[in-house]
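Colleague: I'm new to this one and would like a close look at a single part. Could you pick up the sheet and walk me through what surrounds it?

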Amino acid sequence: MTAAITEAPVYDNRIAFAEELIELARTDERIVAVCNDSVGSSNLTGFRDLYPDRLINVGIAEQDMVGIGAGLASAGMIPFVCAAAPFLTGRSLEQVKADVAYSQHNVILCGMSPGMAYGELGPTHHSVEDLSWLRALPGLDIVVPADRLQTRQAIRAAVESPRPSFIRVGRHKVPDVMPDDAPFERGRFGAIRDGNDVTIIATGTLVSRAIAAADALAAEGVSARVLNAAYIAPLDVTAITDAARQTGAIVTAEEANIAGGLGAAVASIVSQLEDGARVPLRILGLAEFAPTGSTDFLLEYFGLTAGDIVRAAKEATGRV
Amino acid sequence: MLDSDVARIASWRSTRDEFDSAPAKRRAEILADRARETRRSIVRMIAAAGQGHIGGDLSVTDILTTLFAGVLRIDPSNPDWAGRDRFILSKGHCAAALYSTLAHTGYFAESELDTFMQPLSALNGHPNRNKIPGVETNTGPLGHGMPVGVGTAIAAKLTKSGARTFVVLGDGEMQEGSNWEALMAGAHQKLDNLTIVVDRNRLQQGARTEDTNGLDPLDEKLASFGWEVREIDGHDYLALLDAFSPSTTGKPVAVIANTLKGKGVSFIEDRVEWHHKVPSAEQAQTALEELA
């Protein structure tokens, strides 16, 4: 398994996103795409060629884009509002709050190329604040698919859902991490490995690294549970609570700012548990604007490799 | 979600039927009667709540009255009817005017207006579509209604529903950049089923618009953005009705409705301090007498 995850082929999730969107749109005329001059970067070229009337490119105007999405949803359409994640969430945050979450217009916000996928383009183009910002909005599902299968599942779930959602659609290539028959349930973490000594809760690009870490830990006699946090909201409180009570230590890992992201969400649960369940916790993420570097360089720079997860797990279990 | 008022809907329908077949003079009388009733509700609601935006409520009343009593194709007994015209109050702080208008259309019981801004009332200081039938989208932060209206207008084009969209904005609100994004998009998408109405009372919260961040020449700006501009007296019912007729040019329509903030109450009219000042009991009584 160790060899499998570190040497497995890797994929850009935007491809699975586009294929699934086109497939669903074939039979559901309510599906439209709205974008901000991002037909290429949102991988919507194929959709546009098949359904030109249903691709609404509003130009470089993100606030307008999200508001238009809300209007389309209110009139019975199913809008996929697609833009680079930093601009979709940062520039349009008030529209996401008022027009989508508070109004409960059923918009599917697709944050393309999230995290530090834009590497050398720098912090203006990184979306590491999105999880923190959006977690504060009630009524908005936050979904971070970890691989191709989950990207397809997240899109189908969003179309069937009666409520709005934000989906991170990854650009940085990742291996498949979920079995083909893995369920995809709203608000549930996916269980990848069971273990007794520590739980690693990872999301998005960090899931494959968590699996590699678990394999390395196993070789050292440490039994690590691996949970894939595909839903950041609603949060899988049961899985977190079970992890604390059953494994006694937790490590979280995310390509996001630690002020308010997955780790903070887990901490808010664990810190309020009963005596004996308020277990050691290590939160891996970033807390400052990134320097210049590729995505892989930055993940290493910020301590988000399998080796870093192994080290954190040993610390949390008192083995260092 | 509030329940509809069946008797009130019936009354609204019969007035609407009369309106549709009435000569111009009678139409104006019907609208004037309804607007007077709405203004009186607004004064009572704000005086009771001790909060509200009375100046803008009174300036926008004739616009709302004309739309709901004489223009919008809606069914208050079926607020979610897919083919309905869409109405969006982008200047959401003028919720009292909207709530009065919706109650007088029968979307909910008029007695509900007594709960305006009271604890746990459906009638928040800004409208919430998940609690109030007839509200299409939650507004309050400015610059949000027009983009949403562009979306509903595009949807009507895609589904060929024939529905029209009306968005009412404050003039100060036109300082928000998101509106200009939406103006570009509305023209580019050729949304001749979309009408925006700017409540041009020339006052914003702190001062005159032209002393704050000037909008003039607003007509030229809107025209240059590709809109069919109709500038009218926003308290002239027949002019409003005419301005709300469908586009004749294939372009979206922008109505500049020149209004008086505080219209109908002498001591409130055109006075900047009455943006959200609350009348005392005595002032409310005087206002109601002027609106009798």
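Modeller: Sure, let's begin with one pair of residues: R200(B) sits opposite N258(B), which belongs to strand 5 of chain B. Keep in mind that this is a predicted model. The pair is part of a longer match, since strand 3 (residues 194-200) and strand 5 (residues 253-258) of chain B run parallel and are joined by 6 bridges. Further along, I196(B) has A254(B) in strand 5 of chain B as its bridge partner.

Strand 5 of chain B has a partner on another side of the story too: strand 4 of chain B pairs with it, again in the parallel sense and over 6 bridges. There, E228(B) has V253(B) of strand 5 as its bridge partner. As for its surroundings, 5 of the 6 residues of strand 5 of chain B are buried, so the rest of the structure largely encloses this strand.

Now step back to the whole sheet. It is an open sheet of 5 strands in chain B, ordered 1-2-3-5-4, with parallel pairing. The edges belong to strand 1 (86-89) and strand 4 (228-233) of chain B; each has a single partner strand, so one side of each has no neighbour in the sheet. On average, and ignoring direction, neighbouring strands of this sheet are turned by 20 degrees against each other.

A helix packs on this sheet as well. Helix 3 (residues 54-70) of chain B touches strand 1, strand 2 (165-170), strand 3 and strand 5 of chain B. Its direction makes about 150 degrees with that of strand 3 of chain B.

Helix 3 and strand 1 of chain B turn up again around another helix. They are among the elements covering the buried residues of helix 4 of chain B, and that cover also includes helix 1 (6-21) and helix 2 (24-49) of chain B. Helix 4 itself spans residues 95-105 of chain B and is mostly covered, with 11 of its 11 residues buried. Among those buried residues are A95(B), L98(B), Y99(B), L102(B) and H104(B). Just after helix 4 of chain B comes G106(B), which takes a positive phi of about 95 degrees.

Chain B also has company. In all, 23 residues of chain B are in contact with 24 residues of chain A. On the chain B side, helix 5 (145-159) and helix 6 (177-188) each supply at least two residues. Helix 5 of chain B gives the largest share, 10 residues. Sorted by class, the side of chain B that touches chain A has 11 nonpolar, 9 polar and 3 charged residues.

Over in chain A, two helices are worth a glance. The axes of helix 2 (residues 13-27) and helix 8 (residues 148-160) of chain A come within 8 Å and cross at roughly 35 degrees, and the crossing is right-handed. Residues meeting there include F17(A), L21(A) and L24(A) from helix 2 of chain A, and I155(A) and V159(A) from helix 8 of chain A. By class, this contact has 6 nonpolar, 2 polar and 4 charged residues.

One last stop is the largest nonpolar core, which has 188 residues. V81(A), I200(A), A210(A), A213(A), I309(A) and A313(A) have the most contacts inside it. Leaving out residues up to four places away in sequence, I309(A) touches I200(A), R209(A), A210(A), A213(A), V251(A), A253(A) and L284(A).

Methods: Residues numbered from 1 in each chain as written. Chains lettered and ligands numbered in written order. Predicted model: local features only at pLDDT ≥ 70, side-chain atom pairs only at ≥ 80, totals over all residues. Axes fitted to C-alpha atoms, helices over the stretch in contact; angles between N-to-C directions. Helix = DSSP H or I, 4+ residues; strand = E, 2+ residues; numbered from the N terminus. Left-handed = near helix turned anticlockwise from the far one by under 90°. Contact = placed C-beta atoms within 7 Å. Nonpolar A, V, L, I, M, F, W, Y, C, P; charged D, E, K, R; others polar. Pairing = 2+ DSSP bridges. Core = buried A, V, L, I, M, F, W, Y, C linked by C-beta atoms within 7 Å. Buried ≥ 20, exposed ≤ 12 C-beta atoms within 10 Å, placed from the backbone.
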